[in-house]
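Me: I have a model open and would like to learn how to read it. Can we go feature by feature?

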Amino acid sequence: MNKPCVLLTGFERFDGEPVNPSEEIVRRLDGKTTSDHVIVGAILPVAFAEAPQVLAELIDRHRPALVITLGQAGGRAELSIERVAINLIDARIADNADLQPIDVEVVAHAPPAYYSSLPVKAINAELAERGIPAALSLSAGSFVCNQVFYWVCHLLSNDYPGTRGGFIHVPWLPEQALRHPGQPSLPLETMIAGVHAAIECSLRTGKDLHVAGGTTH
């Protein structure tokens, strides 16, 4: 019998960057086994028209027990465990297909927002215990990352109610930060360890921690 799988996605490079850390993390973890689940890695296009279709096909093909999507968030200093996906696309820049939608819904006539179904607070605590920089985040932006996050939540809620999923943003790599003086970064190995720990935590945690994790601003 085949082992159950975890679907882990990242994005191709965009906005002139020579690399996308989410892509590198996925390539390194693809095929690994953790908690008796095989990690299936896939790279999504940074394209509003294509990314949701590719994601839906991947979920339908692999029927994963868990879906974690990754994206690059240059300027952030830690792994950002996203809590809320909003039904809004408002692109500051064009995607890789040269599309730049402004103020449109991710899914028409769908809820204004979804919460991640990952145990976000347990993941945050797990990473802190391991000394991996991480923080809970209330905004995944309004670009393709948020679009994919919303699609994950929408698909799982409507078509795969037994499957959990969510989104984690990762910082620039040190070689990228050299092109952005004064901006933070994390080594690839640290981010790989953090994402792997997030997968393990999600697979073994049923009920999330009931601890304070909000902000005052």
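Reply: Yes. Keep in mind that this is a predicted model. Start with burial: 49% of the 217 residues in the chain are buried.

Me: How many helices and strands does the chain have?

Reply: Six helices and nine strands. The radius of gyration is 16 Å, close to the 17 Å from the globule rule for 217 residues, so the chain is as compact as a globular protein of that length. The C-alpha trace spans about 45 × 40 × 40 Å along its principal axes.

Me: What share of the contacts with a separation of 6 or more joins residues 24 or more positions apart?

Reply: That share is 79%.

Me: Now the interior. Which residues have the most contacts inside the largest nonpolar core?

Reply: A core is a set of buried nonpolar residues joined through side-chain atoms within 4.5 Å. Here the largest has 35 residues, and Phe11, Ile59, Phe143, Val144, Val148 and Tyr150 have the most contacts inside it. The elements giving two or more residues are β1 (5–11), β3 (37–44), α2 (51–62) and α4 (144–159). The top contributor is α4, with nine residues.

Me: What is Ile59 in contact with, leaving aside neighbours within four places in sequence?

Reply: Leu7, Pro64, Val67, Leu155, Leu156 and Tyr160. Apart from this core lies another, of 29 residues, including Ile192, Val195, Ala197 and Ala198.

Me: And the surface: how much area does the chain expose?

Reply: About 10100 Å², with carbon and sulfur atoms supplying 51% of it. For charges, there are 16 positive and 24 negative, and their mean positions are 7 Å apart.

Note on methods: Residues numbered from 1 in each chain as written. Predicted model: local features only at pLDDT ≥ 70, side-chain atom pairs only at ≥ 80, totals over all residues. Heavy atoms only, no water. Helix = DSSP H or I, 4+ residues; strand = E, 2+ residues; numbered from the N terminus. Rg over C-alpha atoms; globule rule 2.2 N^0.38 Å. Buried < 20%, exposed > 50% of the residue type's maximum accessible area, 1.4 Å probe, protein only. Contact = heavy atoms within 4.5 Å. Areas by Shrake-Rupley, 256 points an atom, 1.4 Å probe, with all protein chains shown as cover. Lys, Arg positive; Asp, Glu negative; His and termini not counted. Charge placed at Lys NZ, Arg CZ, Asp CG, Glu CD.
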